[in-house]
Amino acid sequence: MGTKVPIILFVFVMLCALSSAIPSKRKSYTPCKNMVLYFHDIIYNGMNAANATSSIVAAPQGANLTILAPQFHFGNIAVFDDPITLDNNLHSKPIGRAQGFYVYDTKNTYTSWLGFTFVLNSTYHEGTITFAGADPIMQKSRDISVTGGTGDFFMHRGIATIMTDAFEGEVYFRLRVEIKFFECW
């Protein structure tokens with residue numbers, strides 16, 4: 001029995017060494033579901049209450065809640081309830097609402113942190129999709145996490161690639177959101 005332990009130990013060490021020497025290939029993932037949606041954000045500026053879908057709710061000391069702060073909007077927090085459409089037309093029939101908030105969190109560039117949910121209630125989709133992550137706005141496309149969902153998207157997780165599809169000053173912007181689910185139940 002005394003000679004079996006060193007042999008087993010030797011075999012175990014060799015297997016460990018061989019497994020670390022073999023280059024591992026990164027597993028490529030294939031999405032189980034894809035979709036592209038658009039959401040339209042109209043920031044309240046003191047004169048557009050009838051059309052506004054978002055509002056600044058916190059600002060740096062002394063700042064006006066109807067005007068985004070200078071210096072990359074640092075410190076502004078906005079909440080939104082934006083229409084979601086299947087195409088990039090603001091006047092298309094909404095299939096749901098994007099509800100959440102964004103925080104401008106960097107002093108030296110335009111960057112925000114997003115936390116929001118798509119609440120979908122249409123003949124196409126019913127349920128929610130929840131998102132969270134950093135949004136380096138100046139990059140053409142950026143990824144944020146899809147952290148879960150309900151209804152048609154029960155327990156779905158994945159990545160959403162967002163792109164600023166259009167913007168008009170500091171009042172309106174439209175985001176194209178390409179959602180790739182990698183876990184579908």
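# Briefing on a predicted protein chain

In the protein chain, 48% of the contacts between residues at least 6 apart in sequence join residues at least 24 apart. The model is a predicted one. The chain has 1 helix and 9 strands, and 33% of its 185 residues count as buried.

**Order of elements and surface**

- Along the sequence the elements run α-β-β-β-β-β-β-β-β-β, with the helix ahead of the strands.
- About 11300 Å² of the protein chain is exposed, and 61% of this area comes from carbon and sulfur atoms.

**Thr 30**

- Thr 30 sits in the loop that links helix 1 (4–21) to strand 1 (33–42).
- Thr 30 has a relative accessible area of 65%, which is over the 50% cut-off, and therefore Thr 30 counts as exposed.
- Lys 180 lies 150 residues from Thr 30 along the chain, yet the C-alpha atoms of the two are separated by 8.9 Å.
- Lys 180 falls within the range of strand 9 (172–183).

**The largest pocket**

- The largest pocket holds about 500 Å³ of space.
- Its lining is made up of 22 residues, and those closest to the centre of the pocket are Tyr 104, Ile 137, Thr 164, Phe 167 and Phe 173.
- Two or more lining residues come from each of strand 4 (96–104), strand 5 (112–121), strand 8 (157–168) and strand 9 (172–183).
- Strand 9 contributes the most to this lining, with 3 residues.
- Sorted by class, the lining of the largest pocket contains 15 nonpolar, 4 polar and 3 charged residues.

**The second largest pocket**

- The volume of the second largest pocket is about 150 Å³.
- One run of residues in its lining is Thr 85, Leu 86 and Asp 87.
- Ser 92, Lys 93, Pro 94 and Ile 95 also line the second largest pocket.
- Asn 121, Ser 122, Thr 123 and Tyr 124 belong to the lining of the second largest pocket as well.
- By class, the lining of the second largest pocket has 4 nonpolar, 5 polar and 2 charged residues.
- The charged residues in this lining are Asp 87 and Lys 93, because Asp and Lys count as charged.

Technical notes. Residues numbered from 1 in each chain as written. Predicted model: local features only at pLDDT ≥ 70, side-chain atom pairs only at ≥ 80, totals over all residues. Heavy atoms only, no water. Helix = DSSP H or I, 4+ residues; strand = E, 2+ residues; numbered from the N terminus. Buried < 20%, exposed > 50% of the residue type's maximum accessible area, 1.4 Å probe, protein only. Contact = heavy atoms within 4.5 Å. Areas by Shrake-Rupley, 256 points an atom, 1.4 Å probe, with all protein chains shown as cover. 1 Å grid on protein atoms, 1.4 Å probe; cavity = no way out; pocket = protein on both sides within 12 Å on 5 of 7 lines; lining within 4 Å. Points joined across faces, edges and corners; volume = space filled by probe spheres on them.
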